[in-house]
Amino acid sequence: MPDQFTFEDDWPELFAPLDAAQRDSVRQALAAGWHAGFVPTREEVENITDYARGVIDMDKYQRRGDALARRIESA
């Protein structure tokens, strides 16, 4: 696990389109997982920022997450 929570610095282009409330929501969701030992990939961060912006609905969010999980399992 990285020593610092730097996802917004790592992928600023994913956070740039978010308003302040969306950014806080995404940060909180990522921080909760990060403190539990989860280190998200860029794809996972993109998925949650797209959902927060309303570009995808919950079904698409879940399909993307499921597809990523299958790819990780088969790797």
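Arg42 lies in helix α4 of this predicted model. Its relative accessible area is 32%, so Arg42 counts as partly exposed. Trp11 is 31 residues away from Arg42 in sequence. In space, the two C-alpha atoms are 7.3 Å apart. With neighbours within four places in sequence left aside, Arg42 is in contact with Trp11, Glu13 and Leu14. The side chains of Arg42 and Glu13 are also joined by a polar contact of 2.8 Å.

The helix that holds Arg42 was examined next. Helix α4 has twelve residues, and at 1.5 Å a residue these should span 16 Å. The C-alpha atoms at its ends are 16 Å apart, so the expected span and the model agree. After α4 comes Gly54. The phi of Gly54 is positive, near 85 degrees.

Several residues of α4 are hidden from the surface. Val45, Asn47, Ile48, Thr49 and Asp50 are buried. The buried residues of this helix pack against α2, α3 and α5. Here α5 covers residues 58-74. Thr49 gives one example from α4. Its relative accessible area is 1%, and Thr49 is buried because that value is under 20%. Leaving aside neighbours within four places in sequence, Thr49 is in contact with Leu14, Leu18 and Val26.

These three partners of Thr49 lead to the nonpolar core. In soluble globular proteins, nonpolar side chains tend to be buried together. The largest nonpolar core in this model has ten residues. Its members are Phe7, Trp11, Leu14, Phe15, Leu18, Val26, Leu30, Trp34, Val45 and Ile48. Three elements each give two or more residues to this core: α2 (12-15), α3 (20-35) and α4 (42-53). The largest share comes from α3, with three residues. Val45 and Ile48 belong to the core, and both are among the buried residues of α4. Trp11 and Leu14 are core members and are also in contact with Arg42.

Aromatic rings were considered last. A pair of aromatic rings is described by the distance of the centres and the angle of the planes. The count comes to four aromatic pairs. One of them joins Phe5 and Phe7. Their ring centres are 4.9 Å apart, with 90 degrees between the planes. This pair is edge-to-face, because planes over 60 degrees apart count as such. Phe5 has a relative accessibility of 29%, so Phe5 counts as partly exposed. Phe7 has a relative accessibility of 3%, so Phe7 counts as buried.

Tyr51 and Tyr61 form another aromatic pair. The centres of these rings are 5.2 Å apart, and the planes stand at 40 degrees. The pair is tilted. Tyr51 is in helix α4 and Tyr61 is in helix α5, ten residues apart, and the pair links distant parts of the chain. At a relative accessible area of 34%, Tyr51 is partly exposed. Tyr61, at 25% relative accessibility, also counts as partly exposed.

Phe5, Phe7, Trp11 and Trp34 form one aromatic cluster. Phe7, Trp11 and Trp34 from this cluster appear in the largest nonpolar core as well. Trp11 therefore recurs in the picture: this residue is in the aromatic cluster, in the nonpolar core, a set of buried residues joined through side-chain atoms, and in contact with Arg42 of helix α4.

Technical notes. Residues are numbered from 1 along each chain as its sequence is written. This is a predicted model: local features need pLDDT of at least 70, side-chain atom pairs count only at pLDDT 80 or more; totals for chains, interfaces and linings use all residues. Side-chain values use heavy atoms; hydrogens and water are left out. A nonpolar core is a set of buried Ala, Val, Leu, Ile, Met, Phe, Trp, Tyr and Cys residues joined through side-chain atoms within 4.5 Å. Buried means under 20% relative accessible area, exposed over 50%, partly exposed in between (1.4 Å probe, protein chains only). Helices (H or I, at least four residues) and strands (E, at least two) are DSSP runs, numbered from the N terminus. The expected span of a helix is 1.5 Å times one less than its number of residues. Contact means heavy atoms within 4.5 Å. Rings of Phe, Tyr and Trp (its six-membered ring) pair if their centres lie within 6.5 Å; planes under 30 degrees apart count as stacked, over 60 as edge-to-face and the rest as tilted. A polar contact is a pair of N or O atoms within 3.5 Å; within protein, one must be able to donate a hydrogen and the other to accept it, and residues adjacent in sequence count only if both atoms are side-chain atoms.
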